[in-house]
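Q: Could you take me through one small part of this protein up close? I'd like to see who sits next to whom.

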Amino acid sequence: MMTTSKVKSCTINQRGGRDIKVEQYGAKTALEVAPFGEDSVPMENMTAIYANTGTNGEPVILGYINESQMAQTGEKRLYSLKPDGSLGGWVWIKNDGTMELSGNADNLVRWEKLNAAVQQLAIDYNIELQKISLAIAAVGGTYTAMTVNPNITPAKVLELKCS
């Protein structure tokens, strides 16, 4: 039989699973079941889907009622909640081929292409500075051209990759 219950607390058990303490006609504890590779802790008072298994005394939590659904058909959204229950961070893979990482007010960049463009701009700028220096020298003046050597390596985010 499956029922709903309210989450009260969570602990990691000796087997490495998460035990969820719920309130359902009294306090009960059940093992959390989740898709492979997903690890999250429900907030207190979330509504859990509680089910008994064929093994007596080994109930499970199959999932939770999602009260923050925003994804459209064909989309995937992963999100976290702050302790007060408000939205924390998220990854939202949209059905238009875009992906949001905790926002949509700015863009990520293709660093290799950006770096190549900045380095080419520096080369072009240095060529023009050299021409200015030669022109001033041709009329008897002196001008020491500085060299532009930009380094945008500190801006590179190694943990995020794109096509």
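A: **A close look at asparagine 13**

Let's start in the loop between β1 (2-12) and β2, where you'll find asparagine 13. Keep in mind that this is a predicted model. Is asparagine 13 buried or exposed? Its relative accessibility is 13%, and the cut-off for buried is under 20%, so asparagine 13 counts as buried.

Now check what the side chain is doing: the side chain of asparagine 13 reaches the backbone nitrogen of arginine 15, at 2.9 Å. If you skip the neighbours within four places in sequence, asparagine 13 is in contact with Arg18, Asp19 and Leu31.

From the loop, move on to β2 (18-23), which, like β4 (47-51), gives two or more residues to the largest nonpolar core. That core has seven residues: Val7, Ile20, Val22, Ala30, Ala48, Tyr50 and Ile61. As background, nonpolar side chains tend to be buried together in soluble globular proteins.

Pick out tyrosine 50 from that core. Not counting residues up to four places away in sequence, tyrosine 50 touches several residues, among them Val22, Ala30 and Ile61. The list of contacts for tyrosine 50 also includes Met1, Thr3, Gln24, Lys28 and Pro59.

For a wider view, look at the open sheet, where three strands run in the order β6-β7-β8 with antiparallel pairing. The edge strands, β6 (76-81) and β8 (99-101), each pair on one side only. From one strand to the next, the twist averages 15°. Strand β7 (residues 87-93) joins β8 over three bridges, and valine 91 has leucine 101 in β8 as its bridge partner.

Conventions: Residues numbered from 1 in each chain as written. Predicted model: local features only at pLDDT ≥ 70, side-chain atom pairs only at ≥ 80, totals over all residues. Heavy atoms only, no water. Pairing = 2+ DSSP bridges. Helix = DSSP H or I, 4+ residues; strand = E, 2+ residues; numbered from the N terminus. Axes fitted to C-alpha atoms, helices over the stretch in contact; angles between N-to-C directions. Core = buried A, V, L, I, M, F, W, Y, C linked by side-chain atoms within 4.5 Å. Buried < 20%, exposed > 50% of the residue type's maximum accessible area, 1.4 Å probe, protein only. Contact = heavy atoms within 4.5 Å. Polar contact = N/O pair within 3.5 Å; in protein donor to acceptor, adjacent residues only side chain to side chain.
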